[in-house]
Amino acid sequence: MRIAVTGSIATDHLMTFPGRFADQLVADQLHTVSLSFLVDTLDVRRGGVGANICFGMGQLGVRPVLVGAAGSDFDDYRAWLDRHGVDTASVRISEVLHTARFVCTTDADHNQIGSFYTGAMSEARLIELHAVAARVGGLDLVLIGADDPEAMLRHTEECRSRGIPWAADFSQQIARMNGDEIRILLDGAAYLFSNEYEKGLIESKTGWTEEEILGRVGTRVTTLGSRGVRIERSGEEPVVVGCAEEEAKVDPTGVGDAFRAGFLSGLAWGVGHERAAQVGCMLATLVIETLGTQEYQLRRAHFMDRFTKAYGDEAADEVRTHLR
């Protein structure tokens, strides 16, 4: 199964604030907020939704196709992704803009405040999926992740017109999208990914009920934080998969991307949705235990030991045959 992942390619500047954001907010002055947080740490890491997901899939032995736009400063990042099993040949390189940048501060309660500079990401709208598909011999699924909004719309319309199944994953971009755009992106999608808050926002902005949305997508996958993930299909009972036990909670950045990487890898292997979600939850657990979205190491024996403990021998036996 050949999967392409469209989405942002960025560097992450991750900072840690030792206090609580909530303690600095004055309820009746929120309309004039002016705050500066003295942070303890700064880590510059590779990131971006598309690159994070592809890195995780590469770690699991699936060779995904990364589709996005970066700047001329992408050479080192490209080499890193290439070494970790990602096909980067369809990344567009801007001649004038730097690679996108995410700046995020996390407080003691693991709440986050972030800003995102688009940079070269704005040129993702110029990429044609037809050329990508022709290069790799066809595409079985395209995940349309958070990216330049026009690129997300263009990729969706191209998938729809060419009959390529797609997964809608608005993520951070849902805040700037209106109901019409969200309806275009999800109507007819094979999969719809979101977290629990985004799920409510999707329903609010589109005006569609939960049942109406289930009737317009093949499978709805909703991450529930520490409670795991819920998988829903119209006319079927929901499937809920719990999280694997954490050894530490270091940084939540990139956990959702890791879940998607595991879930998509499960689809590429041909396992069922429940098993794919278990792989996603296990990979997400590795990420939350690590500072940075691509700094974790997937050691097969260690991964399988923890996966077996979390989900049982039968699940482990099925996954073990696919994990390289």
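Q: What sits between E12 and E13?
A: Five residues: E12 and E13 form a hairpin, and Gly 225 in its turn has a positive phi of about 65°. Helices (H or I, at least four residues) and strands (E, at least two) are DSSP runs, numbered from the N terminus.

Q: Before we go on, what kind of model is this?
A: This is a predicted model, where local features need pLDDT of at least 70 and side-chain atom pairs count only at pLDDT 80 or more, while totals for chains, interfaces and linings use all residues. Residues are numbered from 1 along each chain as its sequence is written, and side-chain values use heavy atoms, with hydrogens and water left out.

Q: OK, back to the hairpin. In which sense do E12 and E13 pair?
A: Antiparallel, over four bridges. Two strands pair if DSSP finds at least two bridges between them. In E13, Glu 232 is the bridge partner of Arg 220.

Q: And which way do the E13 side chains point?
A: Val 229 and Ile 231 go one way from E13 (residues 229-232), Arg 230 and Glu 232 the other way, and all are buried. Buried means under 20% relative accessible area, exposed over 50%, and partly exposed in between (1.4 Å probe, protein chains only).

Q: What does E14 do with E13?
A: E14 (residues 239-241) pairs with E13 in the antiparallel sense over three bridges, and Val 239 in E14 stands opposite Ile 231. Their hairpin has six residues between the strands, with Gly 235 taking a positive phi near 80°.

Q: Which residues have a positive phi although they are not glycine?
A: Two to look at are His 110, at about 70°, and Ser 171, at about 50°. For context, most residues other than glycine have a negative phi.

Q: Where does His 110 lie?
A: In the loop between strand E7 (100-106) and strand E8 (112-117). His 110 is partly exposed because its relative accessible area is 29%.

Q: What about Ser 171, buried or exposed?
A: Buried, since its relative accessible area is 14%. Ser 171 is in the loop between E10 and H5.

Q: What unit do E10, H5 and E11 make?
A: E10, helix H5 (residues 179-186) and E11 make a right-handed β-α-β unit. Right-handed here means that, with the strands pointing away from the viewer, the path from the first strand over the helix to the second runs clockwise. E10 (residues 166-169) and E11 pair in the parallel sense over three bridges, with Ala 168 opposite Leu 192 in E11.

Q: How many bridges hold E11 and E12 as a pair?
A: Five, in the parallel sense. Ser 194 has Thr 222 in E12 as its bridge partner. E11 is also mostly covered, with four of its five residues buried.

Q: Switching to rings: how many aromatic pairs does a search of the whole structure find?
A: 12. Rings of Phe, Tyr and Trp (its six-membered ring) pair if their centres lie within 6.5 Å; planes under 30 degrees apart count as stacked, over 60 as edge-to-face and the rest as tilted. One pair is Tyr 191 with Phe 263: the ring centres are 5.9 Å apart and the planes at 75°, so the pair is edge-to-face.

Q: Where in the chain are Tyr 191 and Phe 263?
A: Tyr 191 is in strand E11 (residues 191-195) and Phe 263 in helix H8 (residues 255-269), so the pair links distant parts of the chain, 72 residues apart. Both residues are buried, and with Phe 193 and Phe 259 they form one aromatic cluster.

Q: Which charged end sits over the ring of Trp 80?
A: That of Arg 46, 3.9 Å from the ring centre. Arg 216 sits likewise over the ring of Trp 208, 4.0 Å from its centre. The criterion is NZ of Lys or CZ of Arg within 6 Å of the ring centre and within 35 degrees of the ring normal.

Q: Which members of the largest nonpolar core touch the most others?
A: Among them are Leu 81, Phe 259, Phe 263 and Leu 283, in a core of 57 residues. Helix H9 (residues 273-288) gives the largest share, nine residues. A nonpolar core is a set of buried Ala, Val, Leu, Ile, Met, Phe, Trp, Tyr and Cys residues joined through side-chain atoms within 4.5 Å. A second, separate core of 32 residues includes Trp 166 and Trp 208.
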